[in-house]
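Trainee: Got a minute to walk me through this one? I'd like to know what to look at before I start clicking around.

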Amino acid sequence: MQRFRRIVAAIALAATATTTVAACGGGDSEDDSGAKTLKLWHYESENSAMGVGWNRAIEIFKAEHPGVEVRFERKAFEQIQQNAGMIINSSEGPDIMEYNKGNATAGLLSSQGLLTDLSAEADKRGWAGKLSPSLQTTARYSDKGVMGSGNWFGVPNYGEYVTVYYNKDLFQQNGVKVPTSMAEMTAAMDTFVGKGVTPLGMAGAEYPAGQLFYQLALSRADRQFVDNYQLYKNPVDFKADPLKYGADTFAEWVRKGYIAKDSASLKAEDMGTAFIGGKVPMIVSGSWWYGRFKAEMKANWDTFLFPGNTLQAGSSGNLWVVPENSKAKSLAYDFIDITLRPEIQDLIGNNGGVPVAGDPAKISDPKDRKLIEDFNAVSKQDGLAFYPDWPVPGYYDVLVGGFQGLINGSKSPDQVLDTIAKPYADGVKEITGK
């Protein structure tokens with residue numbers, strides 16, 4: 001899901017803070033326009049994989065651009081999410097910024113003429129050669145802001161995907177094996193329920209519920225469905241499979257006690273801390289949690305891909321975008337290029353991130369390496385299916401409201417599907433005119 005995902009682990013740390021780092025060394029270096037300052041914004045915490053990698057990229061940039069000052073500001077995710085259009089359309093905006101990918105965010109701004117077309121630089125610098133076709137989907141947008149075709153308006157340098165985190169100690173204590181199929185998954189959850197343990201941590205007040213629904217739907221989906229749902233190739237029937245299967249199965253999992261009904265009001269942070277504290281055996285969520293669990297979790301834990309799925313919720317990570325009003329575009333392009341170098345990609349991977357152009361053999365920790373190998377396997381088979389709230393602006397809140405009702409029992413699966421179908425159809429019509 002749009003952001004509302006990976007940042008949960010960092011959002012508490014991402015209060016607005018400003019750090020100015022001046023380049024050192026002799027001589028002068030400047031943008032084609034004569035700029036000697038690069039204003040850079042992102043919302044990653046300093047100790048996250050991306051934060052570590054990008055700090056190093058800033059150091060390299062400074063060394064290669066003596067005389068250029070980098071003015072870095074760490075922003076809160078929601079601050080950029082809610083105000084990006086207004087911010088970058090002003091003279092106070094950055095020259096380069098991390099921004100959420102997808103039709104409702106980067107696509108929307110690109111269609112409004114607020115982002116710089118990066119196509120020429122992508123060709124010139126070989127960025128396309130470093131990104132698989134599925135990763136390029138989120139970098140390119142049509143003139144109507146629909147991802148997957150058209151010009152480059154952003155560049156990702158890390159990936160993300162939804163996986164299953166599990167507490168190995170709780171699995172062992174309860175005699176549960178890692179499932180490799182949906183049948184084994186439900187059998188494992190039945191075992192936990194039989195022992196008085198709620199198997200799945202959940203957060204109905206934010207993105208996790210929608211992601212689980214989507215993962216369940218994807219278990220019955222193919223690439224054509226993803227293209228229809230995400231790229232508007234054909235109309236989508238919300239009362240038919242795979243979406244009907246996703247909603248029906250989600251409701252069944254609540255009825256069977258796999259998901260706690262009181263989790264409807266919980267946020268992603270609550271779900272994450274419950275897993276860290278050993279209170280739930282599993283959560284279905286994104287790779288953005290990985291670094292935090294590695295740093296904070298005392299119990300033995302690991303991951304496995306959602307069993308039986310060939311399609312997984314996931315995509316490139318967020319994008320580097322260059323506002324059309326940027327006064328230092330050439331400098332911004334240079335910085336993007338640095339973040340795709342092997343040194344930075346390996347650094348991201350060795351700190352719990354998922355590099356888009358990294359070599360798993362260069363990753364020292366076996367668990368880190370497995371995270372990257374799983375992502376590469378999904379990406380290689382064109383298995384990244386993006387996120388359920390991506391298709392239209394404002395859809396995130398629609399999904400949250402719908403699935404809160406399914407968890408607390410105030411809505412039936414059919415009612416939830418009705419709730420989420422109309423805003424989807426209205427949004428697609430507004431974008432495409434159809």
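Mentor: Let's go through the strands, the core, one helix, the salt bridges and a few odd backbone spots.

Mentor: Before that, this is a predicted model, so local features need pLDDT of at least 70, side-chain atom pairs count only at pLDDT 80 or more, and totals for chains, interfaces and linings use all residues. Residues are numbered from 1 along each chain as its sequence is written, and side-chain values use heavy atoms, with hydrogens and water left out.

Trainee: OK, strands. How do β2 and β3 run, and how many bridges join them?

Mentor: They are parallel, with six bridges between β2 (residues 37-42) and β3 (residues 69-74). Strands pair here if DSSP finds at least two bridges between them. Strands (E, at least two residues) and helices (H or I, at least four) are DSSP runs, numbered from the N terminus.

Trainee: What stands opposite Thr37?

Mentor: Glu69, in β3. To get from β2 to β3 the chain passes through helix α2 (residues 49-64), giving a right-handed β-α-β crossover. Right-handed means that, with the strands pointing away from you, the path from the first strand over the helix to the second runs clockwise.

Trainee: Switching topic. Which residues have the most contacts inside the largest nonpolar core?

Mentor: Leu212, Phe250 and Trp253, in a core of 138 residues. A nonpolar core is a set of buried Ala, Val, Leu, Ile, Met, Phe, Trp, Tyr and Cys residues joined through side-chain atoms within 4.5 Å. Helix α17 gives the most to this core, with eight residues.

Trainee: And which domains does this core draw on?

Mentor: It takes at least three residues from each of domain 1 (2-158 + 317-358) and domain 2 (160-314 + 387-432). Those bounds come from an automatic or database domain assignment.

Trainee: What is Phe250 in contact with?

Mentor: Leaving aside neighbours within four places in sequence, Phe250 is in contact with Ala209, Leu212, Phe213, Leu216, Ile259, Phe403, Leu406 and Ile407. Contact means heavy atoms within 4.5 Å.

Trainee: Now α10. How many of its residues are buried?

Mentor: Eight of nine, so that helix is mostly covered, where buried means under 20% relative accessible area, exposed is over 50%, and partly exposed is in between (1.4 Å probe, protein chains only). Among the buried ones are Arg223, Phe225 and Tyr229.

Trainee: What do they pack against?

Mentor: The buried residues of α10 pack against α4 (103-111), α9 (208-218), α11, α17 and α18 (413-432). Right after α10 comes Tyr232, with a positive phi near 65 degrees.

Trainee: Arg223 is a charged residue, right? Which residue forms a salt bridge with Arg223?

Mentor: Asp382, with the closest N and O atoms 3.4 Å apart. The pair links distant parts of the chain, 159 residues apart: Arg223 is in helix α10, and Asp382 is in the loop between α16 and α17. A salt bridge is a side-chain nitrogen of Lys or Arg within 4 Å of a carboxyl oxygen of Asp or Glu.

Trainee: How many salt bridges in the whole structure?

Mentor: The search finds 20. One is Arg125 with Glu121, at 2.6 Å from N to O. These two sit four residues apart in helix α5 (residues 119-125), so about one helical turn separates them. Arg125 is partly exposed at 21% relative accessibility, while Glu121 is buried at 13%.

Trainee: Any others worth a click?

Mentor: Try Lys370 and Asp374, which meet at 3.3 Å, N to O. They are also four residues apart, in helix α16, which means about one helical turn lies between them. Lys370 is partly exposed at 26%, and Asp374 is buried at 15%. Then there's a network of salt bridges linking Arg56, Glu59 and Glu343.

Trainee: Back to Asp382. What's its phi?

Mentor: Positive, about 55 degrees, although Asp382 is not a glycine. Asp382 counts as partly exposed, at 37% relative accessibility. Phe386 has a positive phi too, near 65 degrees, and is in the loop between α16 and α17.

Trainee: Is Phe386 buried or exposed?

Mentor: Buried, at 2% relative accessibility.

Trainee: Last one. Where is the cis peptide bond?

Mentor: From Asp241 to Pro242, with omega near 10 degrees. Pro242 lies in the loop between α10 (223-231) and α11 (243-255).
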